Protein chains: 6
Amino acid sequence: MRIDGREAAQLRSITIETGVNKYAEGSVLIAFGDTKVLVTATVEDRVPPFMKGQGKGWVTAEYSMLPRATQSRNQREAARGKLGGRTMEIQRLIGRALRSVVDLQALGERTITLDCDVIQADGGTRTTSITGAFIALAIAVDKLAEKASFKSYPITDYLASVSVGVVNGSPVLDLNYDEDSKAKVDMNVVMTGAGQFVEVQGTGEESPFSRSELDALLGLAETGITELIGKQREVLGQAGARIGEGSR
Amino acid sequence: MRIDGREAAQLRSITIETGVNKYAEGSVLIAFGDTKVLVTATVEDRVPPFMKGQGKGWVTAEYSMLPRATQSRNQREAARGKLGGRTMEIQRLIGRALRSVVDLQALGERTITLDCDVIQADGGTRTTSITGAFIALAIAVDKLAEKASFKSYPITDYLASVSVGVVNGSPVLDLNYDEDSKAKVDMNVVMTGAGQFVEVQGTGEESPFSRSELDALLGLAETGITELIGKQREVLGQAGARIGEGSR
Amino acid sequence: MRIDGREAAQLRSITIETGVNKYAEGSVLIAFGDTKVLVTATVEDRVPPFMKGQGKGWVTAEYSMLPRATQSRNQREAARGKLGGRTMEIQRLIGRALRSVVDLQALGERTITLDCDVIQADGGTRTTSITGAFIALAIAVDKLAEKASFKSYPITDYLASVSVGVVNGSPVLDLNYDEDSKAKVDMNVVMTGAGQFVEVQGTGEESPFSRSELDALLGLAETGITELIGKQREVLGQAGARIGEGSR
Amino acid sequence: MRIDGREAAQLRSITIETGVNKYAEGSVLIAFGDTKVLVTATVEDRVPPFMKGQGKGWVTAEYSMLPRATQSRNQREAARGKLGGRTMEIQRLIGRALRSVVDLQALGERTITLDCDVIQADGGTRTTSITGAFIALAIAVDKLAEKASFKSYPITDYLASVSVGVVNGSPVLDLNYDEDSKAKVDMNVVMTGAGQFVEVQGTGEESPFSRSELDALLGLAETGITELIGKQREVLGQAGARIGEGSR
Amino acid sequence: MRIDGREAAQLRSITIETGVNKYAEGSVLIAFGDTKVLVTATVEDRVPPFMKGQGKGWVTAEYSMLPRATQSRNQREAARGKLGGRTMEIQRLIGRALRSVVDLQALGERTITLDCDVIQADGGTRTTSITGAFIALAIAVDKLAEKASFKSYPITDYLASVSVGVVNGSPVLDLNYDEDSKAKVDMNVVMTGAGQFVEVQGTGEESPFSRSELDALLGLAETGITELIGKQREVLGQAGARIGEGSR
Amino acid sequence: MRIDGREAAQLRSITIETGVNKYAEGSVLIAFGDTKVLVTATVEDRVPPFMKGQGKGWVTAEYSMLPRATQSRNQREAARGKLGGRTMEIQRLIGRALRSVVDLQALGERTITLDCDVIQADGGTRTTSITGAFIALAIAVDKLAEKASFKSYPITDYLASVSVGVVNGSPVLDLNYDEDSKAKVDMNVVMTGAGQFVEVQGTGEESPFSRSELDALLGLAETGITELIGKQREVLGQAGARIGEGSR
């Protein structure tokens with residue numbers, strides 16, 4: 001039995017509210033238990049300098065925690081004058097993961113920026129961010145499709161992410177902060193609607209882990225992500241209808 | 001008649017939700033129409049270096065806008081590596097205003113930090129922030145009073161803020177963004193529950209203004225702030241009961 | 001009677017010396033008592049990126065204090081690697097105030113930068129800067145008028161600034177540092193030659209202030225600014241002859 | 001057949017030279033083919049602020065590429081004034097990996113810093129760095145053991161790292177730059193002498209990957225790491241004799 | 001004949017005004033022709049961290065040019081967020097030169113900071129700064145001697161600096177900006193009252209120079225510095241009486 | 001007799017290895033005793049903004065020390081977020097010195113960047129860097145000459161550098177770190193193959209020095225540089241054959 005009474009393979013309560021920002025092309029407030037992330041998608045008709053003139057688009061992400069998203073207050077990175085290593089690592093991960101299900105050629109010379117702002121943190125902020133960012137992205141692309149004519153639909157598959165770890169000797173799904181701080185292995189997995197891996201990041205800082213532990217964790221992750229993608233389909237409804245159209 | 005149908009002396013719809021963050025000592029989500037600000041109050045048992053050893057406390061504020069709080073996306077200050085002048089000016093104003101109703105001696109060697117994060121901006125983000133920050137501060141001090149023994153109650157009066165301006169030749173209260181961008185005079189006023197001024201900041205960049213315009217604007221501000229303080233009293237209820245106790 | 005023997009409505013000794021820099025298009029060394037500010041005006045045939053292609057000009061200001069302008073030495077902002085909030089707030093104020101009396105359309109695609117460097121500080125550095133910067137600006141525009149043909153004269157009115165405050169319970173004009181540090185209310189006012197307000201910034205950090213105190217302070221400020229604009233007219237002489245020409 | 005004629009499971013030519021810096025407590029110049037990394041280990045009798053007073057030590061890493069380590073010259077991060085996201089991500093990975101085989105309690109209040117400077121880059125700079133950094137660390141701890149009396153030997157196991165990926169549809173070991181830029185899946189694996197995983201980081205930016213591909217890659221990585229640890233044992237000789245002593 | 005009519009070995013008009021800042025322990029406004037530098041000396045009863053606990057003092061300098069000290073306006077280093085290489089090089093030179101005539105042991109645990117702010121630049125700003133900084137330093141130490149009891153007088157000799165260079169094939173003394181920009185060799189020399197060298201910095205970027213040119217330049221520099229030290233003696237008068245006392 | 005047994009006029013053991021980087025247009029690993037510097041030359045077909053459209057090229061240098069190049073570890077400048085004054089001063093010196101023997105007109109619109117990374121430091125890192133950078137530059141220009149057609153050969157003479165100083169009262173050549181830290185005078189000299197001076201930088205921080213000491217040091221430097229240029233000729237062989245061709 002886990003700290004909060006969940007089964008090993010049970011996600012926390014997942015809530016997803018869309019349309020939470022009146023300006024953004026896509027927006028979502030997503031919660032994995034007490035972890036709450038506000039994601040906005042911004043579409044701009046230009047690409048970064050290194051992408052210019054290739055006829056392709058770009059998808060990127062920025063990640064930030066509000067200073068009091070955590071138990072004790074953290075200094076703002078804007079006040080410190082630089083982004084920390086953890087922030088950079090996470091926003092690189094989010095962007096990379098989303099691009100794996102976007103056909104940048106089909107998107108055309110546009111940039112979509114996913115801003116993931118953690119309102120409250122209780123473990124799993126990066127997996128919550130990826131899962132929510134996919135929804136904001138999908139809404140923005142669906143809206144874009146109304147005016148732009150894509151030669152094929154730019155989103156090629158669903159995408160979600162969850163954490164898994166070994167806590168008190170047992171593999172568990174979707175760790176909260178208490179579990180995370182006791183985990184001997186901590187893994188973040190990103191998968192597509194087709195059940196393929198996009199990112200597998202497992203770390204055994206406290207102690208190394210075996211191949212069989214790794215296998216058990218990957219199984220749990222697959223279960224959780226399948227469930228999360230189910231929720232994404234539900235929330236997106238018609239806005240998700242054309243996802244993967246080009247791949248079929 | 002104003003753009004959004006309001007009377008000259010009418011506030012936008014004001015909503016205030018407290019307890020929105022499970023970690024912060026005080027928290028509030030406040031909206032002046034479509035301007036939404038999340039404020040958390042953090043209490044720490046230390047003071048900044050320049051205050052050390054004086055037996056007094058400190059109250060300070062930080063202000064930030066989420067990148068897509070506005071019509072088009074703004075680059076994060078953390079990514080640019082420094083705070084802009086507008087941000088600094090606003091957070092200095094918020095801190096200064098709040099300190100005017102706090103007895104730092106009575107507070108003791110503690111720092112209360114008010115983090116004002118603008119979720120969505122439609123004019124008046126600084127006045128919304130001040131009005132909300134006062135509530136988060138009051139909740140945090142009320143909670144602190146349960147364990148700390150103050151020689152007198154540290155909050156000496158209520159405090160709220162509103163903007164006023166001259167739009168299309170008429171003085172109006174609580175400008176939204178559209179009005180703000182057309183205003184020939186723009187003024188932010190901070191007042192106490194006792195009806196005294198704490199800050200008066202009027203600017204006529206587009207064109208200078210006369211003494212009689214100034215008088216009309218101050219009158220409107222007083223009306224608006226009285227109404228806002230009424231709402232603060234309602235929201236705080238018992239948590240506001242001891243405010244001003246030391247001054248009576 | 002004030003600390004330095006002045007009457008409540010009496011300015012400090014004001015001295016103004018122009019032509020103090022052999023390179024600048026306009027320059028002035030201005031003193032309000034022991035507060036001394038060196039201002040240079042630089043005219044450049046380009047505008048900042050956000051103003052490009054509008055056929056309009058720009059007027060901006062930068063403000064800095066030499067490290068030993070004050071009683072104890074302050075670290076240089078260049079050495080700290082960033083501008084402080086106070087500096088940003090003041091230079092935004094100076095630029096905004098000057099632009100209120102400049103017809104940017106008439107100026108054409110040029111930038112005029114007013115550099116205000118405080119050589120010695122004894123209270124009122126921002127009001128001294130604004131009053132001096134107007135003179136340097138007027139000299140630069142007068143010189144520019146010799147070669148450029150303006151469709152109307154770009155400076156529309158005189159402009160000066162002074163501080164007022166409540167010290168020992170009485171409203172006084174043009175506070176020096178000692179008075180400033182004891183003032184319960186501190187207000188900076190910027191007005192035009194026509195007696196209109198451009199900026200009114202009143203702060204009661206120590207204690208809030210009443211409407212009647214505000215009224216008394218505004219009256220004092222008007223007196224002081226009228227006197228300062230008289231001195232500006234004298235110093236500028238023929239160089240100020242065309243000011244406001246377009247507005248008549 | 002691979003671009004450079006290697007078998008799928010074949011490492012590049014590995015060379016390791018120790019004692020290359022006369023000041024450092026441990027140093028090594030390691031090459032995986034044309035990727036060359038200079039690593040120094042520095043032992044200091046203090047710990048970072050967040051570790052103070054816990055009686056434990058700390059192991060951390062810094063990573064940098066010389067500007068012309070690559071085909072075209074990269075701007076120095078010191079000249080840009082900040083570390084890039086990739087650098088931060090890699091140096092966090094190196095430090096975390098090394099700490100997994102160090103008993104920080106046994107190390108005592110000391111910091112060991114591993115500086116990994118890439119002299120020449122041809123793919124796999126992070127895996128080369130980890131493999132070399134372990135050697136420099138082991139030499140430094142062996143030297144430290146001569147004067148310090150550890151209650152148990154602080155290094156608990158060997159540790160090495162290698163990259164694997166899917167290139168032209170086939171899983172291959174230890175990718176060079178040409179292979180890396182064509183790989184559809186790219187994975188970095190860190191393992192211990194006991195054959196346990198410490199880090200598994202797999203990314204399918206170009207296209208997602210299946211569970212069976214993942215399994216094949218993990219198998220290849222195990223082969224390569226076993227071989228690398230064999231080379232580490234050889235190079236360290238007597239200096240590695242006490243590794244894992246405390247765990248036996 | 002030189003551009004401005006001077007002889008080869010003739011200094012520009014040198015003016016020195018002391019006591020120009022009411023707060024600083026020493027201050028001087030020094031001009032070498034149109035090059036004008038304001039120098040203040042600040043005495044503080046502490047030393048930088050790397051000097052603590054040695055019973056010795058420290059002398060350091062900071063150098064800055066006002067943005068419009070030059071023909072065209074330069075961006076402020078505070079606005080750029082960092083000091084340029086030229087500024088750092090010059091301020092290191094000034095500090096090092098002054099320390100050569102200060103007995104840091106005799107000074108005791110104090111820091112004297114010389115702030116050299118270039119009001120107007122026409123060549124030779126570093127030599128003007130050094131020559132002026134010595135005077136400000138001497139005044140500050142003389143004032144300090146009234147209350148502190150030194151075991152020997154901390155200033156061991158006079159010190160001044162001048163530039164020399166080869167212009168139009170001839171060695172000349174104290175170059176102005178026009179000469180400096182045409183010079184094939186440019187040299188800055190710092191010497192003591194005893195005629196010893198403290199710094200010799202000669203550069204032939206345009207073209208290398210011979211030993212005989214070097215000899216001629218050193219001779220000119222000696223002439224100029226002797227004259228400058230004469231002027232320093234005159235200006236300091238009684239305040240310079242104890243200089244070198246400890247060395248006699 | 002010197003600490004390491006050398007004669008006063010004897011260089012340390014000099015070793016020079018070229019072709020140490022497979023990507024750079026020129027590269028060299030040069031050692032003056034235990035001081036080891038890796039230099040790469042990068043040729044790019046563009047010039048910095050301030051040189052654009054003049055038909056001329058540019059030669060510049062960057063200098064850095066690996067953190068453990070010295071006895072105790074230094075923090076990376078990239079981690080501190082800015083270049084130190086010493087680094088800036090040295091890289092400006094290296095670039096300036098090299099440009100004195102390059103005909104920028106003949107080079108055409110190209111930039112050659114010399115990256116000098118100090119692998120190990122034992123005194124004389126700047127002189128070792130200049131001497132090595134000349135070799136890397138010469139190799140890069142020789143290679144460039146194969147495809148580019150220069151109207152005259154861009155390198156006009158050989159160039160090397162050495163340090164000299166007064167240690168224990170005697171002038172000595174090529175100081176190691178121990179000598180350097182005891183030297184009362186420290187001088188760096190850069191000379192050409194024709195025996196002309198390019199830079200003479202002498203500093204007597206500990207104590208001033210006389211003209212006769214200066215003369216003795218300059219003589220020693222000439223001896224050392226002549227020997228170093230002999231070694232450069234040997235190493236470059238045919239690659240140096242055209243140096244100075246245009247000047248003959």
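**Note on chain symmetry and the chain E sheet**

1. A:A78 comes closest to the rotation axis of all residues of chain A, with its C-alpha at 1.8 Å. The model is predicted: local features need pLDDT of at least 70, side-chain atom pairs count only at pLDDT 80 or more, and totals for chains, interfaces and linings use all residues. Residues are numbered from 1 along each chain as its sequence is written, and chains are lettered from A in the order in which they are written.

2. A turn of 180° and a shift of 0.0 Å along the axis lay chain A on chain B, with an RMSD of 0.0 Å. That is the relation of a two-fold axis. Superposition is by least squares on the C-alpha atoms of residues with pLDDT of at least 70 in both copies.

3. Of the interface residues of chain A, 100% are also interface residues in chain B, so the copies meet through the same surface. Contact means heavy atoms within 4.5 Å.

4. Chain E holds an open sheet of 5 strands, in the order β1-β2-β3-β5-β4, with mixed pairing. Its edge strands are β1 (14-18) and β4 (58-65), each pairing on one side only. The twist averages 15° from one strand to the next. Strands (E, at least two residues) and helices (H or I, at least four) are DSSP runs, numbered from the N terminus. Pairing needs at least two DSSP bridges.

5. In chain E, β2 (residues 26-32) and β3 (residues 35-44) pair in the antiparallel sense over 7 bridges. E:I30 stands opposite E:V37 in β3(E).

6. Helix α2 (residues 85-99) of chain E packs on the sheet, touching β4 and β5 (111-120). The direction of α2 makes about 145° with that of β4(E). Axes are lines fitted to C-alpha atoms, for helices over the stretch in contact, and angles run from 0 to 180 degrees between N-to-C directions.

How values were computed:
Side-chain values use heavy atoms; hydrogens and water are left out.
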